[in-house]
Amino acid sequence: MNQHGVTGEQLAARRAGQFWRDQDGFLSPVRPGEGPRRNPEGDFPTGPAVGTQLPEIVALDGSGNAFDLHADRGDRAAIVVFHRSAVW
Amino acid sequence: MRDAGVALYAISYDDPAALADFTAAHGIEYPLLADPESEVIRAFGILNTLIPEEQAEFHGIPFPGTYVIDDAGIVTSKFFENNQIFRPGPEQLLRAALGDTFEPGPPPEPVEDVKVRAYLDGPHLVPGLLRDLVVEFTVPEGQHLYGQPVPDGMIATSIEVDHDDELIVRESRSPETTPHRIATGEVLHVYEGVVEIRTPITVMGGHGLAQDGEEALLGIGDRVISGVARFQTCDAEACGLPRTERFEVPVRVEPSIVGDFGSPALRNEPMHGGRHWHRLMSRYDRLGQSASEESST
């Protein structure tokens, strides 16, 4: 259990009460359009600066295999989007 | 983008299975990469630290943003917003990837007078998605418009969008001017031929609550983006008076995909969103485990 004496299962159960359920029975973590944006105010970290090298990116593809972005793009220009989630 | 030789990737903290389902459900043709431990997100220094670890299903997401890199992997531009509703449209990203230059295309039909044409660079507007409102000026041969810095008594070429509570208007971008030396030796900063001024716009709307408290799609449908173009034209001998010309651009506002949730009208083929959401919730179990490991050492 965590420092507050609450198990992961209990935490999940508490949060389950906060599900939004639509008429078709689909579950959503939040009401659509009210996802956790936690908008930062003022300056916030935005990663590598313009003019610097984009760091290595080795992540997983849809099959769970390692995917090296720079190896894949070769010598092409690229657009790399860091988004919050495809699930919610 | 493929035609332009520009690669496109997206990365998130989702599990590979969730991204595979999303790819299949929506016919995505570029790699959706999984960073479920947020290793890459942390390595980039953009972990959203405003979300506490205790919120295990959401902790690990980044401050969302987009990097554009050149063929050598150098960052040439990046797009991050304080309000995460806003994001750059694909047309803006492609322009950034290609160097944001303006190629006027084949010479237009000769015009007798300055022709102003306004249009949206994109098929429609989507709430939060930034697209350029383009105002294109075609200048008769032998004449020019002014950019900044503008000579005394002249006006620069500019546009202004009419105020609209639901419209978000960002700062306009004007191209570089051409230096034009006149008889006195003074150098003027002018525009000749065809020139574009681009203004990023978007609308507020999408899912929300209507006045009666019922869930509704707000800001969707047809609207008109209107405004004025201001310019002054001169030839080698004389200048005309400053001019104002109105423009009106009819646009459609369409809703964005809301994952697999929301009204059936918007939902795409199911991507098993509920199942993947439950897997995100299971991150709470790891939270409990790591805490008990701490207490036992």
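## Helix α3 of chain B and its surroundings

L93(B) lies in helix α3 of chain B, which covers residues 90-97. This is a predicted model. Is L93(B) buried or exposed? L93(B) is buried, because 22 other C-beta atoms lie within 10 Å and 20 are enough to count as buried. Leaving aside residues up to four places away in sequence, L93(B) touches I79(A), T66(B), V68(B) and P88(B). One of these contacts, I79(A), belongs to chain A. In sequence, L93(B) and Y67(B) are 26 residues apart. In space, their C-alpha atoms are 9.0 Å apart.

**Strand β3 of chain B**

T66(B) and V68(B), touched by L93(B), point one way from β3(B). G65(B), Y67(B) and I69(B) point the other way. In a regular strand, side chains alternate between the two faces of the sheet. Here both sets are buried. β3(B) spans residues 65-69, and 5 of its 5 residues are buried.

What joins β3(B) to chain A? Strand β5 of chain A, residues 77-82, runs antiparallel to β3(B) and is joined to it by 5 bridges. In this pairing, I79(A) stands opposite V68(B). β3(B) also pairs within its own chain: 5 bridges join it to the antiparallel strand β4(B), residues 75-80. There I69(B) stands opposite V75(B). The hairpin of β3(B) and β4(B) has 5 residues between the strands. In this hairpin, G73(B) takes a positive phi near 85°.

**Nonpolar cores**

The largest nonpolar core has 48 residues. Which residues have the most contacts inside this core? They are A59(A), A78(A), I79(A), V80(A), Y9(B), I11(B) and L33(B). The list draws on both chains. β5(A) gives the most to the core, with 6 residues. A78(A) touches R73(A), V6(B), A7(B), L8(B), Y9(B) and I69(B), again without residues up to four places away. A second, separate core has 17 residues. Among them are V139(B), Y146(B), V161(B) and I225(B).

**Two open sheets in chain B**

Strands of a sheet pair through backbone hydrogen bonds, either parallel or antiparallel. One open sheet has 3 strands in the order β9-β16-β17 of chain B, with antiparallel pairing. Its edge strands are β9(B), residues 158-161, and β17(B), residues 243-253. Each pairs on one side only. Neighbouring strands of this sheet are turned by 25° against each other on average, direction ignored. V161(B), listed in the second core, falls in β9(B). β16(B) covers residues 221-231, and I225(B) of the second core falls within that range.

Another open sheet of 3 strands runs β8-β12-β11 in chain B, also antiparallel. β8(B), residues 145-146, and β11(B), residues 178-181, each have a single partner strand, so one side of each is left without a neighbour in the sheet. Y146(B) of the second core falls in β8(B).

The table sets out bridge counts and one facing pair for each strand pairing.

| Strand pair | Bridges | Facing pair |
|---|---|---|
| β5(A) and β3(B) | 5 bridges | I79(A) and V68(B) |
| β3(B) and β4(B) | 5 bridges | I69(B) and V75(B) |
| β16(B) and β17(B) | 11 bridges | G227(B) and F247(B) |
| β11(B) and β12(B) | 4 bridges | T178(B) and V190(B) |

**Helix α1 of chain B**

α1(B) spans residues 16-26. Its buried residues are P16(B), A18(B), L19(B), A20(B), D21(B) and F22(B). G27(B) follows the helix, with a positive phi near 65°.

**Chain totals and confidence**

Chain A comes to 2 helices and 5 strands. From the N terminus on, its elements run α-β-β-β-β-α-β. Of its 88 residues, 32% count as buried. Chain B comes to 5 helices and 17 strands. Of its 297 residues, 34% count as buried. Among contacts in chain B with a separation of 6 or more, 60% join residues 24 or more positions apart.

The model scores ipTM 0.86 and pTM 0.84. Chain B has a mean pLDDT of 88, and 86% of its residues reach 70 or more. Where does the pLDDT of chain B fall below 50? It does so over residues 291-297. Beyond near neighbours in sequence, this stretch has 4 contacts in the model. Where pLDDT is low, the predicted coordinates should not be read in detail.

Key:
Residues numbered from 1 in each chain as written. Chains lettered and ligands numbered in written order. Predicted model: local features only at pLDDT ≥ 70, side-chain atom pairs only at ≥ 80, totals over all residues. Pairing = 2+ DSSP bridges. Axes fitted to C-alpha atoms, helices over the stretch in contact; angles between N-to-C directions. Buried ≥ 20, exposed ≤ 12 C-beta atoms within 10 Å, placed from the backbone. pLDDT = per-residue confidence, 0-100. Contact = placed C-beta atoms within 7 Å. Core = buried A, V, L, I, M, F, W, Y, C linked by C-beta atoms within 7 Å.
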